[in-house]
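Me: I would like to go through this structure slowly and ask how each label is earned. Please set the values against the cut-offs as we go.

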Amino acid sequence: TTQIEDPRKQWRGEQEKMLKDYLSVAQDALRTQKELYHVKEQRLALALDEYMRLNDAYKEKSSSRTSCEYSVAIQTLEWRLNCR
C-alpha cells in the first residue's frame, strides 16, 4: 500500500519554498538599493568637491577683483588729490 503525504506537511513545504523565494528576491533588491546608495554617495562627494572648488575660485577671483578695484579707487583718489 502507498501512503499519502500529509497535506499539512506538503503545504508547509510550499510555504517554506515561497518564503525562501521571497527572501532571495528581497535580498537582491536590498543589494541593488545599497549599490545605488553608494553610487549616489559618490556622486554627492564629487558634487561637493566641485562646489568647494568653484566656491574657492569665486572667492579668490572676488577678492582679487575687490583688491584691484580698491587699488584703482586709491589711485583715482590720489590723482584727484594731486590735481588740486
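**Reasons behind the labels**

Reply: Let us begin with one residue of this predicted model: Lys-17 is exposed, its relative accessible area being 51%.

Me: Why is Lys-17 called exposed?

Reply: The word exposed is kept for a relative accessible area over 50%, and Lys-17 has 51%, so the label applies.

Me: What makes the contact of Lys-17 with Asp-21 a salt bridge?

Reply: A salt bridge needs a side-chain nitrogen of Lys or Arg within 4 Å of a carboxyl oxygen of Asp or Glu. The closest N and O atoms of Lys-17 and Asp-21 are 3.0 Å apart, and therefore the pair meets the cut-off. Both residues lie in helix α1, which covers residues 7-83, and because they are four residues apart there, about one helical turn separates them.

Me: Is Asp-21 exposed or partly exposed, and how do you know?

Reply: Asp-21 has a relative accessible area of 40%, a value between the limits of 20% and 50%, so Asp-21 is called partly exposed.

Me: Why is the pair Arg-53 and Glu-50 called a salt bridge?

Reply: The side chains of Arg-53 and Glu-50 come to 2.9 Å, counted from N to O, and since the limit is 4 Å, the name is justified. These two residues are three residues apart in helix α1, which means that about one helical turn lies between them. Arg-53, at 48% relative accessibility, is partly exposed, and Glu-50, with 36%, is partly exposed as well.

Me: How do you know that Arg-8 forms a salt bridge with Asp-6, and which label does each residue carry for accessibility?

Reply: The closest N and O atoms of Arg-8 and Asp-6 are 3.3 Å apart, which is within 4 Å, so this pair also qualifies. Arg-8 reaches 65% relative accessibility and therefore counts as exposed, whereas Asp-6, at 32%, counts as partly exposed. The structure holds four salt bridges, including the ones discussed here.

Me: What makes up the nonpolar surface patch?

Reply: Leu-19, Tyr-22 and Leu-23 form this patch, which has an area of about 330 Å², and Leu-19 is found in helix α1.

Me: How many helices and strands does the protein have, and what share of its residues is buried?

Reply: The protein has one helix and zero strands. To be buried, a residue must have under 20% relative accessible area, and buried residues make up 0% of the 84 residues. The accessible surface comes to about 8,700 Å², with 58% of that area belonging to carbon and sulfur atoms.

Technical notes. Residues are numbered from 1 along each chain as its sequence is written. This is a predicted model: local features need pLDDT of at least 70, side-chain atom pairs count only at pLDDT 80 or more; totals for chains, interfaces and linings use all residues. Side-chain values use heavy atoms; hydrogens and water are left out. Buried means under 20% relative accessible area, exposed over 50%, partly exposed in between (1.4 Å probe, protein chains only). Patches are made of residues with over 30% relative accessible area and no salt bridge: like charges are joined within 9 Å, nonpolar side chains (Val, Leu, Ile, Met, Phe, Trp, Tyr) within 5 Å. Accessible areas come from the Shrake-Rupley method with a 1.4 Å probe; for residues, only the protein chains shown count as cover.
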